[in-house]
Amino acid sequence: MSYTFHVDLRGIVDLLSHHLYASPRVYVRELMQNAVDAITAVRVTDPEHAGAIEISAPKAAGQPLTITDNGIGLTEPQVHELLATIGRSSKRDDLGFARHEFLGQFGIGLLSCFLVADTIQVRTRCGDNPTVEWLGSSDGSYQVRVLDGDDALAAPGTIVTLRPRRGAEEWLLPQTVRELAGLYGSMLPITVRVDGEPITAGLAPWETGEGEAQVARRARLLSYAEDAFGFTPFDVIDLDVAEAGLRGVAFVLPMPSNPAARVAHRVYLKQMLLSEGVEGLLPEWAFFVRCVIDTTELRPTASREALYDDTLLAQVRESLGDQLRGWMTRLGTVDEAKLQQFLRIHHLGVKALAVHDDEMLRLVEQWWPYETTVGPMTLAQFRDTYGVVRFVPSLDEFRQIAAVASAQGLAVVNAGYVYDAELLSRLPALDEKITTEALSASDLSTRLEELAPDDELRLRAFLVGAQRALDRFGVEVLIRAFDPAGLPALYLLDGDTALHLDMRRGQEDVDDVWASILGSFTAGRTDRPQLVLNHRNPLIRQAVTVTDPDLTVLVVEGLYVQALLLGRQPLRPVDTAALNQSFLGLLGRAMHGGAA
C-alpha cells in the first residue's frame, strides 16, 4: 500500500524564512517575477503587447499591498495547478510557464509572500474566461471561487493582494516597497510603477544607447559604479558570453584588494536582479574587479540568490577570465603607462594568474619592476643586461646578502614576495634561452674571495678560538675578503637550514614522541648558519691579532650579535646574553686600560 506525504505549510514557510531566503524582502521580487512571466506569456503571441506592472503600497498601517499586471492571467484549472502545488514542475511545463524565457522555475515563489502576510489573495482572468479568486492562508488551506459582476476583472491580468502579518508591517511600508521594487526591477524591459511613480531606470549598464558616444557611455558607467559599488573604477571592461546569453561590465578596482576577501558581483537574470552578492562568477585570481551582468541561460539556485554551479557556469567563468586576461594584454600594446599603473595597484592578482598562465607571465616579465641588488628592474631588462636571472627566494635572505652581493657586482633578484619564486622558476618555460638560478644565502659564501694559503695558516689559531666561542650558538665561522670593506661580518642563513634549525630547537620543547618524529627530519644534517668575517675590514684585521682568549670570546660574540642585527634576525635568549656579555666585557676592559 502506498501513501502520500502530508505537508505542513507553516513548517514550509518557516523553512523558507530561515533557510532558503536570506530576507523577507524577496517577496517583492517573487511578485514581480510572476507578473513579468505573465506579461512575457502574452508577448509570445502578441510581441507588441505593452506590459505594465502597478504596485500599490499600503497608505496606512494594516492596509493591504496590491500588485497588478496585464499579463496572460490564469483559468480556474491553472489556479489549482500553479498556485496550490508546491515543488511540482510538470504541470508548469504543460501550461507553458517553464520555458526558458520565463523567470520562474520552482513554483514556490508565491509562498515567499507568507513571510510577510498571513493571507494571499489572487484575482486573475485569462482571455474570455471568468475571473477566478484564489485565497490562500498560511495554515495550509485555500479557497477558489469564480467572481462575477463588480468583483470581476474588466480585462485579462492578475491582481495579488497581501495584508501584513503582525510584526511584518515594516516590509510593506511605501518607502520599503519602493526601494525593493527599484532594487529588483529597475532594469526590467517592462514598465513598473509604485504608487504611480515609475521605478525602472534608464539604460542598463550592459547596453549602449542609440547614438550614445563612447565618452558619454563611459561617464554613465563610472557614475553607475559609484552608486552601485561605492568606487570610481580604474577602468571599465565589457563582457560578453554568447552561449550563456550573458552581457555585462567589469569595473576594475582603483585600489589594492585582498585576495582572501569575499568577491561578490551583481547578477541579473533576464534583467531581474538575482542578487547583489553572487560569488564564483569569475576565476579566483580575478579579485580586482566587480561585475554587473545579465544572463538568460545561467541557472539560479532555488532561493534565486545565487547561481547553480554547473558546467555552463564553469565555461562562463573561464570565458570571462579570458576576457579579463585579454584586456590586460591589450593594455600592454596600446597604453603602457596605464598598464604599469594597473600593475602597481593589482600586481598580486596578476602574479597569481601568471603562476599558471604563460601569457600573463610574459606580461609580468615585461612590465613589473622587481627589487634587485642593482636597483628596480623588470625581469626582461635584468635578463638582457645580466643574462642569467639569479634570484633569492626569501626576503630575509635577500636582505642578508643585498649589500655584499651588490658590492661584489653580483646582480640578484629579490623573489621573496608572494608568487615571485614560482614565477622566476617558470621563466625558462617561456623561452629555452632563459636561464634562472636560485641563490641561497649560504651559496654566497662560495662566491666570496678566499684568503691566500699563507694568510689562512696565519689566522688558524684565531679561527679555532672563534669557532670554539661560537659552537654553543650553532654557528660556523669563516673568513673571506669581500666588499663593502666597511662591513665587518656577515651572517648567512638560508631557508632550508633555518627550517631544520627550528625543528631541532622544537625537539627541546616537546615530549619524547614528538621529539622522535622531529628528529627523523633532521637526522644526518649538520649544516649550520655561517658567520663570515671580512678580512678587508680594519676591525677584523685588528681582531685577528688578539692573543687573549677571553678577549677573543668577547670580540667574536660582539661581532656575531652585530651581524645578527644587521641581518634582521631575531635574538634568542642566548644571543641576548651574549650581547650583554660582550658589550659589558669590552666596556670594562676599555675603562681599565685592557689591551689586545
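These exercises work through a predicted model of a protein, each with a solution in steps.

**Exercise 1. The overall picture**

Find how many helices and strands the protein has, and what share of its residues is buried.

*Solution.* Start with the secondary structure. The protein has 20 helices and 21 strands. Next, take burial. Of the 596 residues, 48% are buried. Now turn to the surface. The protein exposes about 28700 Å², and carbon and sulfur atoms supply 52% of that area. Last, look at contacts along the chain. Take the contacts between residues at least 6 apart in sequence: 67% of them join residues at least 24 apart.

**Exercise 2. Cysteines**

State how many disulfides the structure holds, then classify C126 and C291 as buried or exposed.

*Solution.* Recall the bond first. A disulfide links the sulfur atoms of two cysteines covalently. Search the whole structure for such pairs: the count is zero. Now classify the two cysteines. The cut-off for buried is under 20% relative accessible area. C126 has 14%, so C126 is buried. C291 has 0%, so C291 is buried too.

**Exercise 3. Unusual backbone geometry**

Locate the cis peptide bond, and give the phi values of K270 and Y419.

*Solution.* Begin with what is usual. Most peptide bonds are trans, and most residues other than glycine have a negative phi.

Step one is the peptide bond. D483 and P484 are joined by a cis bond, with omega about 0°. P484 sits in the loop between β19 (476-480) and β20 (489-492).

Step two is K270. Its phi is positive, near 50°, and K270 is not a glycine. The residue belongs to the loop between β11 (265-269) and β12 (272-278). Its relative accessible area is 15%, under the 20% cut-off, so K270 is buried.

Step three is Y419. Its phi is also positive, near 75°, again in a residue other than glycine. Y419 is in the loop that runs between β17 (413-414) and α12 (420-430). Partly exposed covers the range between under 20% and over 50%. Y419 has 26%, so Y419 is partly exposed.

**Exercise 4. One helix residue**

Place T552 in its element, decide whether it is buried or exposed, and name its contacts beyond four places in sequence.

*Solution.* Find the element first. T552 is part of helix α19, which covers residues 549-566. Check burial next. The relative accessible area of T552 is 8%, so T552 is buried. Now set aside the neighbours within four places in sequence. T552 is then in contact with F462 and V546.

Definitions and conventions. Residues numbered from 1 in each chain as written. Predicted model: local features only at pLDDT ≥ 70, side-chain atom pairs only at ≥ 80, totals over all residues. Heavy atoms only, no water. Disulfide = S-S within 2.5 Å. Buried < 20%, exposed > 50% of the residue type's maximum accessible area, 1.4 Å probe, protein only. Helix = DSSP H or I, 4+ residues; strand = E, 2+ residues; numbered from the N terminus. Contact = heavy atoms within 4.5 Å. Areas by Shrake-Rupley, 256 points an atom, 1.4 Å probe, with all protein chains shown as cover.
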